[in-house]
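Here's a quick tour of one small set of coordinates, written for someone who likes cut-offs spelled out. Have a look at the sequence and the fold, then read on.

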Amino acid sequence: VNSGLQLHQHLLKKPLVNISEVKEVCNLSNKSAGDLVQMFIENGILKEFSGNIRNRIYLYKSYLDLFENDL
């Protein structure tokens, strides 16, 4: 739970992340960071953005959608 809160706080500051960044921010292993990102995807919080197989970028879409009209 603590890692999830840490990631959410980070996403509010920077709504685009990759696994390496999640690993660093939450002090997790690669597998645990990937599992956390997958949990956020399954709950509709993150969406894969890059279309890459490696070095994927994930987007906190619902948060960015709040500011869509401001862009």
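Leaving out residues up to four places away in sequence, which residues does Leu-11 touch? They are Val-17, Phe-40, Leu-46, Tyr-60 and Tyr-63, where contact means heavy atoms within 4.5 Å.

Some ground rules before going further. This is a predicted model, with local features needing pLDDT of at least 70 and side-chain atom pairs counting only at pLDDT 80 or more, while totals for chains, interfaces and linings use all residues. Residues are numbered from 1 along each chain as its sequence is written, and side-chain values use heavy atoms, with hydrogens and water left out.

**The core**

Leu-11 also belongs to the largest nonpolar core, which has 13 residues. The core members with the most contacts inside it are Leu-7, Leu-11, Val-22, Cys-26, Leu-36, Phe-40 and Leu-46. A nonpolar core here is a set of buried Ala, Val, Leu, Ile, Met, Phe, Trp, Tyr and Cys residues joined through side-chain atoms within 4.5 Å. For burial, the cut-offs are under 20% relative accessible area for buried, over 50% for exposed and partly exposed in between, with a 1.4 Å probe and protein chains only. Helices α1, α2 and α3 (30-42) each supply at least two residues of this core, and α3 gives the most, with 4 residues. Helices (H or I, at least four residues) and strands (E, at least two) are DSSP runs, numbered from the N terminus.

**How α1 and α2 meet**

The axes of α1 (residues 2-13) and α2 (residues 19-26) come within 9 Å and cross at roughly 115°. Those axes are lines fitted to C-alpha atoms, for helices over the stretch in contact, with angles running from 0 to 180 degrees between N-to-C directions. On the α1 side, Ser-3, Gln-6, Leu-7 and His-10 meet Glu-21, Val-22, Val-25 and Cys-26 of α2. That contact splits into 4 nonpolar, 3 polar and 1 charged residues; Ala, Val, Leu, Ile, Met, Phe, Trp, Tyr, Cys and Pro count as nonpolar, Asp, Glu, Lys and Arg as charged, and the others, Gly among them, as polar.

His-10 sits in α1 and counts as buried because its relative accessible area is 17%. Setting aside neighbours within four places in sequence, His-10 is in contact with Val-17, Glu-21 and Val-25.

Over in α2, Glu-21, Val-22 and Cys-26 are buried. Seen down the axis of α2, the buried residues fall within an arc of 110°, so they line one face of the helix; the arc is that of the directions from the helix axis to the C-beta atoms. They pack against α1, β1 (16-17) and α3. On the other side of α2, Ser-20 and Glu-24 are exposed.

**Out in the loops**

What kind of phi does Asn-27 have? Asn-27 has a positive one, although it is not a glycine, and the table sets Asn-27 beside Asn-55. Most residues other than glycine have a negative phi.

| Residue | Phi | Loop | Relative accessible area |
|---|---|---|---|
| Asn-27 | about 55° | between α2 and α3 | 70%, exposed |
| Asn-55 | about 55° | between β2 (47-48) and β3 (58-59) | 68%, exposed |

Lys-14 lies in the loop between α1 and β1 and counts as partly exposed because its relative accessibility is 37%. Lys-14 and Leu-59 are 45 residues apart in sequence and 9.3 Å apart in space, C-alpha to C-alpha.
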